[in-house]
Amino acid sequence: MSAVPDSLGGRPDSHGGGLDRFVSAAPQPQRAGMRVLMALARRPRGAALLARAPLAQQAAHAILALGRYDEPSLARALGWDADAVAARGRELRRAEGRP
Amino acid sequence: MTEILDADVCVIGAGAGGAVVAAELAEGGARVVVLEQGPSHDADDFSARPPEMLARLYRDGGQTTTLGTPPILLPLGRGVGGTTLVNSGTCFRTPPRVLERWAGEFGLELDEATLAPCFERVERSLSVAEVTPELAGANAAVARRGAERLGWSHGYLRRNARGCVGSGVCVFGCPTSAKQHTGITYIPRATAAGARIVTGADVRELIVTAGEARGARARLAGGGTLEVRAPSVVVACGTIHTPLLLARNRLGAGSGQLGLNLALHPATAGFALMEETVNMARGVPQSFYVDEFADEGVMFEGVAGPPAYAAMSLPLTGERHARAMADYPRLAQFGLMVSDSSRGRVSSLAGRPVIRYSLGEQDVAKFRLGLARLHELFVAAGAREVYLPLPAGVEPRRARVRDLKLMAFHPLGTARADARAAHGVVDGDLALHDVSGVYVADGSVVPSALGVNPQLTIMALATRLAFRLLGRALPRHNDNEEIACPS
């Protein structure tokens, strides 16, 4: 259980800012809505508010989970090493002349 | 400042339809210019990290959403390759029962024999082959075990991949370039044959004079305007954006069908906690299908991904979510897709698409059936726990429309083909009914849900269109001959 975050309210994405880019790529009004949900989910009073709206709570949780589990150390603890997958792809493409 | 290019054919969009038309026309000797709104992607930038890749490779970061009940997430690819860049690579020919329906209901002369040479040519171009059990991975093995124990019809999927090593991130940009998307197959062929590909070209205007196509004008990302003068224009912007471009130019509206008839193949997925290690992202995520209930409109297909992807889609919250994710290596996932009879529509608000779609009761019933069967499949496979995408305490048979968490990947039908001008936007040859020289080659012409992944259907129809424009029959090939892609 050591790899599991106690809460998703901490740093959502400490490496590379992928979650920020993901949220920024969303069209309005989703972008604003996502930022509000994330802000609420990270605060105790906000989280309590979200608990009364299960759909909003699940949406907030999904966004934060996307960022949290993208963190390399956590992903590696679960058996997924994105850097290694990308590096293997690069090597294979160069070795075999793939595009 | 306006740059002007002359061509025989101007193709708008470099996805499943546009890239195919462009390559076949260019190789046939036509002067072709392709205008693609998005960028060209470099596989060196594919990081295998879901949030970053969603932002980079998808329109709106993959967060395009329908308005209706329930809201449905509709991720669309962006750039050279279009959605073929980010799909799972599954290849099905159009089911014969669908072609029969098209003949009867829409007057389309597209039987199996007519389309077979087109499918064969596309399949050779994309190296389509069945996934091996070894490459399919343990996630597929879970579904296979369940289906075998239940006696359900199943099989390994055919995919457009070459030299796949099972990186597990097809939908986040294939890092090995094994997936043969149109950006690395048809577009290089088009370029080698002399076609010009212009990226960052946002087409605003289709030039039509006295009822005849004359070309297209685009705003360029770097500034300025490009005008392509051509007597034939092929619109291939995809099911969501093609009707908007046509409507903006007051084209295709004669039948009143433009933007209507949107089918989506709405989909969802469940998870199971297994006894064995699955490591769902090792292997081909979509490698296996169960079609036992296809006649009832429900198709099961594999789906899987890295922890970030799984964490986002796992239908749990709080401590239960954390506990399940701690067991990520033992999580299995499988999806189901509904051949929908519900229909939506696409319109424009301030230049952006507004997609309206509400799931009808018939399709809700298909999801009830599908979710119940998915639970059964996982249990038969030996699942310790099953996590279905339903609110706590809601059983599949009691699910209401607002209980469903849906995504969709196959928008179709918004410029549907119909032999009769009063009923369709394009005719059986994919030409607009109300103007000469404008054609459509993307999912928007597909007049009904297919029940299977549509990329091969779109590509086969595009192949047929290209050879019709060239005025030639398709060349015959030896059975084992592949169509080479320039590197």
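**Close-up 1. Strands β10 and β11 of chain B, side by side.** In this predicted model, strand β10 (residues 212-220) and strand β11 (residues 225-229) of chain B run antiparallel, and 5 bridges join them. To find your way in, look for B:G215 on β10: its bridge partner in β11(B) is B:R229.

**Close-up 2. The open sheet around that pair.** Zoom out a little and β10 and β11 turn up within an open sheet of 4 strands in chain B, in the order β1-β11-β10-β9. Pairing here is mixed. Which strands stand at the edges? They are β1 (2-6) and β9 (201-209) of chain B; each has a single partner strand, so one side of each is left without a neighbour in the sheet. From one strand to the next, the twist averages 20 degrees.

**Close-up 3. Strand β12 of chain B and its parallel partners.** Strand β2 (residues 9-12) of chain B pairs with β12(B) in the parallel sense, over 4 bridges. One handy landmark is B:I12, whose bridge partner in β12(B) is B:V235. β12(B) also pairs with strand β21 (residues 438-440) of chain B, again in the parallel sense, this time over 3 bridges. There, B:V233 has B:V438 of β21(B) as its bridge partner.

**Close-up 4. Side chains along β12 of chain B.** Which way do the residues of strand β12 (residues 232-235) point, and are they buried or exposed? B:S232 and B:V234 point one way, while B:V233 and B:V235 point the other way. Whichever way they point, all of them are buried.

Note on methods: Residues are numbered from 1 along each chain as its sequence is written. Chains are lettered from A and ligands numbered from 1 in the order in which they are written. This is a predicted model: local features need pLDDT of at least 70, side-chain atom pairs count only at pLDDT 80 or more; totals for chains, interfaces and linings use all residues. Two strands pair if DSSP finds at least two bridges between them. Helices (H or I, at least four residues) and strands (E, at least two) are DSSP runs, numbered from the N terminus. Axes are lines fitted to C-alpha atoms, for helices over the stretch in contact, and angles run from 0 to 180 degrees between N-to-C directions. A residue is buried if 20 or more other C-beta atoms lie within 10 Å of its own, exposed if 12 or fewer, and partly exposed in between; C-beta atoms are placed from the backbone.
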